[in-house]
Amino acid sequence: METDNYGVNNGLPPIVERRIFFGREIGGADRKLLPTYELKSRTYLGPTAMDAEIAFLMANQALATPGKLVYDPFVGTGSILIATAHYGAMTMGAGIDIRVVRDGKGPDCNVWSNFKQYGLPMPIALLRADNNLPPWRSGLKEVFDAIICDPPYGVRAGGRKSGGRKLLKGVVGPYTVPDDKRTGHIPSTGAYTLVECVHDLLHLAARMLVMGGRLVFFYPVLREDENAETHFPEHPCFKLIASSEQILSSRYSRVLLTMVKTSQFTEEVAEAARIKHLDFKENHLKWLEDGNLHSAVFSPAGAQLNGAGDAKATKEQKPKYRGKYV
């Protein structure tokens with residue numbers, strides 16, 4: 001709508017025409033939350049704690065609202081769950097390191113104290129659990145309204161799963177910890193590649209999310225070949241509805257994937273997902289195995305992941321910092 005009221009300018013046309021726009025507000029930003037929840041003032045902080053602004057974005061993508069139950073299988077110090085709790089959602093988390101989940105740095109500096117700091121409802125539970133061997137009883141399905149997490153990529157912190165090297169290689173068999181040693185026992189763990197981690201995460205979400213529930217997680221992407229097509233993990237139970245890239249360096253970035261559950265989980269679906277995963281792993285995920293992402297990010301410019309000559313050159317040269325820690 002344009003107006004031509006020249007009377008206010010002594011009959012002369014205005015330099016810039018005045019225009020009136022009409023619209024409907026569908027959302028708004030609440031930037032005042034960020035100073036309150038910024039990491040530098042948080043009681044208990046870990047090396048891979050999620051930035052407060054990103055955590056709130058993830059909570060919005062998951063549609064965290066009062067009455068919903070949100071689960072983080074890589075809870076760490078609880079940064080993502082704090083954002084979802086702010087919006088009124090019930091929270092639950094799990095982590096493989098019992099020293100972080102249970103103990104923290106003392107009775108007044110742990111995951112629970114972070115929620116207390118902001119006056120938020122405490123999590124329903126924090127579990128010492130393994131994403132590779134989830135603790136849920138057989139037959140339990142469709143519990144969570146959303147699963148939000150930041151899986152370990154192997155850049156700043158590598159993924160771990162239950163079982164030491166000897167146990168995973170079959171050198172020793174499974175064992176039972178005596179009752180008198182359970183309290184202070186720290187279970188052995190082994191390497192957990194992102195390839196395996198993503199497959200387990202999709203399997204968990206397909207089984208434990210309600211219909212229409214959302215899975216929100218970060219997925220790393222190499223950026224050196226900008227013309228190459230990016231392939232994201234898939235599952236028969238999920239539909240990808242959003243992907244948002246966060247550039248971390250010239251070498252790599254991470255993409256926030258939002259998936260919604262569109263079909264029921266069955267054993268037939270699980271088998272189809274396993275086959276799809278094997279195909280995806282063979283064709284698109286080779287660079288994510290055995291620490292290749294770490295090598296791609298921190299190796300000197302021009303160095304290749306494979307090749308004896310390049311490997312020798314990498315040993316002789318001091319690796320240079322190539323990106324922001326995640």
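Here are some questions and answers about this predicted model.

Me: Which helix gives the most residues to the largest nonpolar core, and how many?
Reply: In soluble globular proteins, nonpolar side chains tend to be buried together. Here the largest nonpolar core has 37 residues, and several elements, including β1 (69–72), β2 (90–95) and α8 (267–284), each supply at least two of them. The element that gives the most is α7, with 9 residues.

Me: Is α7 mostly covered or mostly open?
Reply: Among the buried residues of α7 are Leu194, Val198, Leu201 and Ala205. Asp200 and Arg207 also appear among the buried residues of this helix. The count is 12 buried out of 15 residues, and α7 is mostly covered.

Me: What distance does α7 reach from its first C-alpha to its last?
Reply: The helix has 15 residues, and at 1.5 Å a residue the expected reach is 21 Å. The reach found in the model is close to that, at 20 Å.

Me: Which residues touch the most other members of the largest nonpolar core?
Reply: Take Ile147 as an example: setting aside residues up to four places away in sequence, its contacts include Tyr71, Leu201, Leu204 and Val216. Leu215 is also one of the residues that Ile147 touches. The members that touch the most others in this core are Phe144, Ile147 and Leu215.

Me: How many residues are in the second, separate core?
Reply: This core includes Met50, Val70, Ile148 and Tyr153. It is separate from the core of 37 residues. The second core has 34 residues.

Me: What is the relative accessible area of Met208?
Reply: Met208 is in helix α7. Leaving out neighbours within four places in sequence, Met208 is in contact with Trp136, Leu140, Lys141, Glu142, Val143 and Phe144. Met208 is buried, and its relative accessible area is 0%.

Me: How many Å apart in space are Met208 and Glu142, C-alpha to C-alpha?
Reply: In sequence, the two residues are 66 residues apart. Glu142 is nevertheless on the list of residues in contact with Met208. From C-alpha to C-alpha, Met208 and Glu142 are 4.3 Å apart.

Me: Which residue in the loop between β3 and β4 has a positive phi of about 50 degrees?
Reply: Most residues other than glycine have a negative phi, and most peptide bonds are trans. The residue in question is not a glycine, yet its phi is positive. At 31% relative accessibility, this residue counts as partly exposed. Its name is Glu142.

Me: Where does Leu63 lie?
Reply: Leu63 is not a glycine, but its phi is positive, at about 60 degrees. Leu63 is partly exposed, with a relative accessible area of 39%. Its place is the loop between α2 (52–61) and β1.

Me: Which residue forms a salt bridge with Lys261?
Reply: Side chains of opposite charge can pair when their charged atoms come close. Lys261 is buried, with a relative accessible area of 2%. Lys261 lies in strand β9 and its partner in the loop between β3 and β4, so the pair ties together parts 119 residues apart in sequence. With the closest N and O atoms 3.8 Å apart, that partner is Glu142.

Me: How far apart are the closest N and O atoms of Arg31 and Glu53?
Reply: Arg31 is in the segment before α1 (33–37) and Glu53 is in helix α2, 22 residues apart. Arg31 is exposed, at 51% relative accessible area, while Glu53 is partly exposed, at 33%. The two form a salt bridge, and the closest N and O atoms are 2.9 Å apart.

Me: How many salt bridges does a search of the whole structure find?
Reply: One of the pairs is Glu234 with Lys276, at 3.7 Å from N to O. Glu234 is in the loop between β7 and β8 (238–247), and Lys276 is in helix α8. Over the whole structure, the number of salt bridges is 9.

Me: Which backbone nitrogen does the side chain of Asp130 reach?
Reply: Asp130 is in the loop between β3 (125–128) and β4 (144–149). Asp130 is buried yet has no salt bridge, and the nearest side chain of opposite charge, Arg128, is 5.9 Å away. At 2.7 Å, the side chain of Asp130 reaches the backbone nitrogen of Ser162.

Technical notes. Residues are numbered from 1 along each chain as its sequence is written. This is a predicted model: local features need pLDDT of at least 70, side-chain atom pairs count only at pLDDT 80 or more; totals for chains, interfaces and linings use all residues. Side-chain values use heavy atoms; hydrogens and water are left out. Helices (H or I, at least four residues) and strands (E, at least two) are DSSP runs, numbered from the N terminus. Buried means under 20% relative accessible area, exposed over 50%, partly exposed in between (1.4 Å probe, protein chains only). Lys and Arg count as positive and Asp and Glu as negative; His and the chain ends are not counted. A salt bridge is a side-chain nitrogen of Lys or Arg within 4 Å of a carboxyl oxygen of Asp or Glu. A polar contact is a pair of N or O atoms within 3.5 Å; within protein, one must be able to donate a hydrogen and the other to accept it, and residues adjacent in sequence count only if both atoms are side-chain atoms. A nonpolar core is a set of buried Ala, Val, Leu, Ile, Met, Phe, Trp, Tyr and Cys residues joined through side-chain atoms within 4.5 Å. Contact means heavy atoms within 4.5 Å. The expected span of a helix is 1.5 Å times one less than its number of residues.
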